[in-house]
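Here is a friendly walk through one protein model, written for someone meeting it for the first time. Please keep the sequence and the 3D view open as you read.

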Amino acid sequence: MRWEGNRESDNVEDRRGEGGGGGGGFGLGGRSIGIGTVVLALIGWGVFGINPLTTIGVLSGGGSPQVQQAPAQRPAGNDQGAKFVSTVLASTEDVWTQMFSQGGAQYQPPRLVLFTGVTRTACGTGQSAMGPFYCPGDHKVYLDMDFFNTMSHQLGAPGEFARAYVVAHEVGHHVQNLLGISGKVDAMRGRVSEREQNAMSVRLELQADCLAGIWANKSQQAKNWLEQGDIESAVNAAQQIGDDKLQREATGTVRPDSFTHGSSAQRVRWFTQGYKTGSVKACDTFSAQQL
């Protein structure tokens with residue numbers, strides 16, 4: 001991926017090294033399988049977005065506290081990892097600004113927060129163990145970049161473009177939030193069964209995968225920055241974090257009614273759909289009869 005030399009986003013906030021964060025945590029009690037497997041499963045099920053049906057505040061037992069933080073700090077200029085995510089974020093800004101403009105709307109980009117360990121969000125306390133996530137309450141994407149090492153060494157999803165896919169998926173959740181899609185899904189919480197909530201969550205996550213595919217399509221048209229194997233690395237990432245694969249590895253069984261992000265095949269299909277079409281209309285997972 002030829003990303004060096006492209007514009008970097010100003011919407012990156014560096015909280016690494018701040019420590020603390022306070023608040024409740026994500027308990028791992030009550031599980032009979034090994035804690036390493038639990039963490040890996042949580043990363044997998046949380047990867048590429050905590051959906052609005054299960055916001056951090058709900059998971060940690062908290063509400064949506066007033067977030068008070070020091071002025072945003074920019075990453076160091078020689079931090080290659082931060083430069084990479086800043087460049088990818090800038091590309092998503094360019095793509096979605098143009099897409100929204102074509103639809104007669106104005107795009108409001110999210111801020112990407114780099115953190116380590118735990119951090120406060122408008123959705124409660126965020127923790128690295130949950131993987132990257134988007135908080136609709138403050139329009140921010142949260143990322144502990146150690147997760148990229150987890151992708152490469154534990155999830156079997158190496159490659160720069162696989163990492164770019166992570167950022168693009170989270171931004172996809174922001175797009176859903178701006179369009180009111182995630183709000184409508186969240187409004188159904190408590191009004192439908194857990195199984196139906198899970199099914200809606202799957203459609204929301206697959207749509208974010210598809211929106212990430214649109215970004216890949218449009219950014220390639222604009223920058224011609226993809227190299228051989230890049231798309232394959234993103235497709236592999238989608239395959240490695242399918243609910244069926246993660247459940248099978250964690251417990252030895254697969255329960256489709258408990259899926260929240262979609263199977264490997266579904267995640268690959270919808271990312272590919274967005275990439276091949278470049279069309280938001282083609283990402284209507286909620287009307288699709290077959291995912």
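Strands β3 and β4 (residues 124-127) pair in the antiparallel sense, with four bridges between them. Strands here are DSSP runs of E with at least two residues, helices are runs of H or I with at least four residues, and both are numbered from the N terminus. Two strands count as paired if DSSP finds at least two bridges between them. β3 and β4 make a hairpin, with two residues between them, and T121 has G124 in β4 as its bridge partner. Strand β3 (residues 118-121) has a covered face, made of T119 and T121, and an uncovered one, made of V118 and R120.

Before going further, please note that this is a predicted model, in which local features need pLDDT of at least 70 and side-chain atom pairs count only at pLDDT 80 or more, while totals for chains, interfaces and linings use all residues. Residues are numbered from 1 along each chain as its sequence is written, and side-chain values use heavy atoms, with hydrogens and water left out.

**The open sheet**

In which order do the four strands of the open sheet stand? The order is β1-β2-β6-β5, with mixed pairing. β1 (12-14) and β5 (133-135) stand at the edges with a single partner strand each, so one side of each has no neighbour in the sheet. On average, neighbouring strands of this sheet are turned by 25° against each other, direction ignored. Angles between axes run from 0 to 180 degrees between N-to-C directions, and the axes are lines fitted to C-alpha atoms, for helices over the stretch in contact.

β5 and β6 run antiparallel and are joined by three bridges; C135 stands opposite K140 in β6. Helix α3 packs on the sheet, where it touches β1, β2 and β6, and its direction makes about 165° with that of β2. Contact means heavy atoms within 4.5 Å.

D14 lies in strand β1. D14 has a relative accessible area of 14% and is therefore buried. Buried means under 20% relative accessible area, exposed means over 50%, and partly exposed lies in between (1.4 Å probe, protein chains only). D14 and A82 are 68 residues apart in sequence, and their C-alpha atoms are 8.8 Å apart in space.

**The nonpolar cores**

In soluble globular proteins, nonpolar side chains tend to be buried together. A nonpolar core is taken here as a set of buried Ala, Val, Leu, Ile, Met, Phe, Trp, Tyr and Cys residues joined through side-chain atoms within 4.5 Å. The largest such core has 56 residues, and W96, M151, F161 and W215 have the most contacts inside it. Among the elements that each supply at least two residues of this core are α3 (80-102), β2 (111-114), α5 (160-179) and α7 (194-223). A second, separate core of seven residues includes V113, F115, A122 and Y142.

M151 touches G156, A157, P158, A162, R163, V166 and A237, leaving aside residues up to four places away in sequence.

**Two helix crossings**

The axes of α8 and α10 come within 7 Å and cross at roughly 145°, and this crossing is right-handed. A crossing is right-handed if the near helix is turned clockwise from the far one by less than a right angle, and left-handed if anticlockwise. The residues of α8 in this contact are I231, A234, V235, A238 and Q239, and those of α10 include R267, F271 and Y275. The contact residues divide into seven nonpolar, three polar and one charged. Ala, Val, Leu, Ile, Met, Phe, Trp, Tyr, Cys and Pro count as nonpolar, Asp, Glu, Lys and Arg as charged, and the others, Gly among them, as polar.

The axes of α7 and α10 come within 6 Å and cross at roughly 35°, and this crossing is right-handed. The residues of this contact divide into nine nonpolar, six polar and three charged.

**Three loop residues**

| Residue | Loop | Relative accessible area |
|---|---|---|
| H139 | between β5 and β6 | 30%, partly exposed |
| N224 | between α7 and α8 | 47%, partly exposed |
| G229 | between α7 and α8 | 31%, partly exposed |

Most residues other than glycine have a negative phi. H139, which is not a glycine, has a positive phi of about 60°, and N224, also a residue other than glycine, has a positive phi near 50°. The C-alpha atoms of G229 and M1 are separated by 9.1 Å, although these residues are 228 residues apart along the chain.
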